[in-house]
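Me: I am new to this structure and would like a close look at one part of it, the nonpolar core. Could you walk me through that part and what surrounds it?

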Amino acid sequence: MVEHMTGGCICGDVRFSAVPKSMEMGACHCSLCRRWSGGAGFLGVECGTSVKVENEAALGVYPSSEYGERVFCKTCGSTLFWRMQDGSDTVVSSQAFDDADAFRFVSEIFVDEKPDNYAFANDTKKMTSAEFFAAYASEQGHQHD
C-alpha cells in the first residue's frame, strides 16, 4: 500500500500531500508539457483525487485544453500538477515530491510528438497520442461497468 507523500514548490509557498496510485512515473512528450516543464516532457505520478494543498491561494491555474489544466506556484512558477478540470484526476510532477527518487520511470506518452533531439535511456512502455486516448477511453468505460 502506498502511503501519503509530501511535496511542494521551490519557494515553499505551496505544500501538498498525495497518495500515488503506484510508485511509478511517466513522461508526457506532448508539445504543451514540453513547453510547460521547460524540458524533455512532464514527468508525472498518477495521484487520482488524493492531492491536498495547504495554501490553495498560492496556486496558479492555466486551463490548457477543453478538459485539462496545469497548476503551478504563483510565486516561484514551479510546475506542480496536471489535472482534469472536473477534479477527477491529478498527475503530480514527480520532482515536486520531497522524495522524488522513490518513483520508477516506466512509461512515455505522446511519443509521436517527441522531438528527435532527446531520448531517455530507460526501457519504458511507449504510447502515441492515439494509443493513449484509446487506452484512457477504454479505462473510463470499465470504471462505469
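Reply: Happy to help; what follows starts with the whole chain, moves into the core, and ends at a few places around it.

Please keep in mind that this is a predicted model. The protein chain has two helices and 11 strands. Read along the sequence, their order is β-β-β-α-β-β-β-β-β-β-β-β-α. The radius of gyration is 15 Å, close to the 15 Å that the globule rule gives for 145 residues, so the chain is as compact as a globular protein of that length. Along the principal axes, the C-alpha atoms fill a box of roughly 40 × 35 × 30 Å. Of the 145 residues, 41% are buried. The accessible surface comes to about 8200 Å², and carbon and sulfur atoms account for 51% of that area. Among contacts between residues at least 6 apart in sequence, 52% join residues at least 24 apart.

Now to the core itself. In soluble globular proteins, nonpolar side chains tend to be buried together. Here the largest nonpolar core has 22 residues, and the members that touch the most others are V14, F16, V51, L80, F81 and F97. Five elements give two or more residues to this core: β2 (15-18), β3 (24-28), β4 (42-48), β7 (68-73) and β8 (79-84). V14 is a good residue to click on. Leaving out residues up to four places away in sequence, V14 touches G7, G8, C9, V53, A58, L59, C73 and L80. There is also a second, separate core of 11 residues, which includes C30, M84, I109 and F110.

F110, from that second core, deserves a short stop. This residue sits in the loop between β10 (104-109) and β11 (125-127), and with 10% relative accessibility F110 counts as buried. The phi of F110 is near 60°, a positive value in a residue other than glycine. Most residues other than glycine have a negative phi.

Next, look for the aromatic rings. The whole structure has 10 aromatic pairs. One of them joins Y67 and W82 edge-to-face, with 6.4 Å from centre to centre and 65° between the planes. Y67 lies in the loop between β6 (59-63) and β7, while W82 lies in strand β8, so this pair ties together parts that are 15 residues apart in sequence. The two partners differ in cover: Y67 is partly exposed, with a relative accessible area of 37%, whereas W82 is buried, at 16%. Another pair, F97 and F103, is tilted, with the centres 5.1 Å apart and the planes at 50°. Both F97 and F103 are buried. Together with F16 and F81, these two residues form one aromatic cluster. F16, F81 and F97 were named above among the core residues that touch the most other members.

You may also wonder about the cysteines. The structure holds zero disulfides. For C28, the closest cysteine sulfur is that of C30, 3.7 Å away, which is too far for a bond because a disulfide needs sulfur atoms within 2.5 Å. C76 is in no disulfide either, as the nearest cysteine sulfur, in C73, is 3.7 Å away. C28 counts as buried at 9% relative accessibility, but C76 is partly exposed at 32%.

Finally, here are two residues to visit outside the buried set. T6 is in strand β1 (residues 5-8) and counts as partly exposed at 39% relative accessibility. Apart from residues up to four places away in sequence, T6 touches R15, F16, S17, F97 and D98, and both F16 and F97 belong to the largest core. T6 and V51 are 45 residues apart in sequence, with their C-alpha atoms 9.5 Å apart in space.

K21 is placed in the loop between β2 and β3. This lysine is exposed, with a relative accessible area of 54%. Setting aside neighbours within four places in sequence, K21 is in contact with V2, E46, C47, G48 and D89. K21 and Q85 are 64 residues apart in sequence and 19 Å apart in space, C-alpha to C-alpha.

Methods
Residues numbered from 1 in each chain as written. Predicted model: local features only at pLDDT ≥ 70, side-chain atom pairs only at ≥ 80, totals over all residues. Heavy atoms only, no water. Buried < 20%, exposed > 50% of the residue type's maximum accessible area, 1.4 Å probe, protein only. Core = buried A, V, L, I, M, F, W, Y, C linked by side-chain atoms within 4.5 Å. Helix = DSSP H or I, 4+ residues; strand = E, 2+ residues; numbered from the N terminus. Contact = heavy atoms within 4.5 Å. Rg over C-alpha atoms; globule rule 2.2 N^0.38 Å. Areas by Shrake-Rupley, 256 points an atom, 1.4 Å probe, with all protein chains shown as cover. Phe/Tyr/Trp six-rings, centres within 6.5 Å; stacked < 30°, edge-to-face > 60°.
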